[in-house]
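Here are a few exercises to work through with the sequence and the model side by side. Try each one yourself before reading its solution.

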Amino acid sequence: MAGALNGLRILDLTSVLMGPFATQLMADMGADVIKIESPAGDTVRGIGPMRHAGMGAIFLHVNRNKRSLVLDLKKPEGLNAFFELVKTADVVVYNIRPQAMQRLGIDYERLQAINPRIIYAGLYGYSEKGPYAGKPAYDDLIQGAAAVPSLVSLASGGEPRYVPLTLADRTVGLMASNTILAAVIARYQTGVGQAVEVPMFETMAQYVLGEHMAGATFEPALGPTGYPRLLVQERRPYPTLDGHVCVLIYTDRQWETFLGLIGRAELFRQDPRLASIGARTLHINDLYRMVAEAMATQTTEVWMARLNDADIPCMPMHDVDSLLQDPHLLAVGMLQQVEHPTEGRVSEIGVPVSFSGTPTLPVQKPAPQLGQHSVQILREAGLSDAAIEELQRLGVTSR
């Protein structure tokens, strides 16, 4: 079956999480993603748990539907083989610092001379136009620089903490896939490729400031920064008699209905804190505290039934273990067990999107072993068996 991006060839020089997540999104939609790894392999291959060396759980979840090619780009023979691949590629994606790419000799000008249609996409910490250019960057650093731990502290009343997800890597990965595909569309109009930059810090700053710039949006400022509803300590899963429930009461109708459920219907007309969405936002901590007090009086099952019947938005609070058993995710195929050719039976995370006219592809290629497709890809690039054997002898590629 052919996905929406069938025919798009991507040379993936990325490692760890941000870049591989971006390229997997495109691989899931049918792009031919060639994961080019050093002889040592992507470092995330070594993060456990794993059944076999180099096939850790996180690696499996961000590298499916790709082919793996080992090339030592620090050797001239490996670089020349890479340049042969560039001739038939649409996109080159990297997530090391641009200075390192220049030292390797893989800059945009050189690749453009080989293939004028190439999209050269750099995913890294900070724009090359600013004073942070060239600084090393990781998810934790970018979360901190973009004020995420500070916001967590404000909302929790505790110490600043990083969000326990690779929030920056995943968010910037999404931005990167969008940016790359936009550049591909632009190439259809112009006939030529271009270099694109996807910096982590600027992407996350946009993400944070879109909600929390608030009063500072205006000159002069019309109030402090911060979106109050997201920062109050009572915005949390509410304890019930036997667990927790997540409830979001937002519209006039929802507040009026909820107050009726708890026997306080008169408040909707009498309490000025409920008069409008603006008034509710100013007093949201008080209102959420009232919700919390009500939730504590019944079990989760009782509240879920009452809230669902009243069409008030609610969900149970999962932990990771119960999320894996969620009946909706199981029904739509987001969680399924498959046979990996080397790793045995594994749980696979499905593709969340679907198309009406293009098939949503199942996992066609499980995450590859290091260099699994090296010979196949080099043959496709026009290298003879003798040339490939010489690259293997030199340690440039795998056997």
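**Exercise 1.** Leaving aside its neighbours within four places in sequence, which residues is alanine 31 in contact with?

Before the solution, a word on the source: this is a predicted model, where local features need pLDDT of at least 70 and side-chain atom pairs count only at pLDDT 80 or more, while totals for chains, interfaces and linings use all residues. Residues are numbered from 1 along each chain as its sequence is written, and side-chain values use heavy atoms, with hydrogens and water left out.

*Solution.*
- Step 1: Find alanine 31 in the loop between helix H1 (18-28) and strand S2 (32-37). Helices (H or I, at least four residues) and strands (E, at least two) are DSSP runs, numbered from the N terminus.
- Step 2: Look for contacts, meaning heavy atoms within 4.5 Å. Alanine 31 has Leu5, Leu8, Ile10, Met26 and Asn65 as its partners.
- Step 3: Check one partner along the backbone. Leucine 8 is 23 residues from alanine 31 along the chain, yet their C-alpha atoms are separated by 4.9 Å.

**Exercise 2.** Decide whether alanine 31, valine 16 and aspartate 311 are buried, partly exposed or exposed.

*Solution.*
- Step 1: Take the cut-offs: buried is under 20% relative accessible area, exposed is over 50%, and partly exposed is in between (1.4 Å probe, protein chains only).
- Step 2: Alanine 31 has a relative accessible area of 4%, so it is buried.
- Step 3: Valine 16 counts as partly exposed because its relative accessibility is 34%. You will find valine 16 in the loop between strand S1 (9-12) and H1, with a positive phi near 65°.
- Step 4: Aspartate 311, at 55%, is exposed. Aspartate 311 sits in the loop between helix H15 (300-309) and strand S9 (314-316), and its phi is also positive, about 60°, although it is not a glycine.

**Exercise 3.** Locate two cis peptide bonds that precede prolines.

*Solution.*
- Step 1: Go to the loop between S2 and helix H2 (57-62), which holds proline 49. The bond from glycine 48 to proline 49 is cis, with omega near 0°.
- Step 2: Move to the loop between helix H9 (200-212) and helix H10 (228-231), where proline 220 lies. Glutamate 219 and proline 220 are joined by a cis bond with omega about -5°.

**Exercise 4.** What share of the 399 residues in the protein chain is buried?

*Solution.*
- Step 1: Buried residues make up 43% of the 399.
- Step 2: For the wider setting, the chain comes to 19 helices and 11 strands, and its C-alpha atoms fill a box of roughly 85 × 55 × 40 Å along the principal axes.
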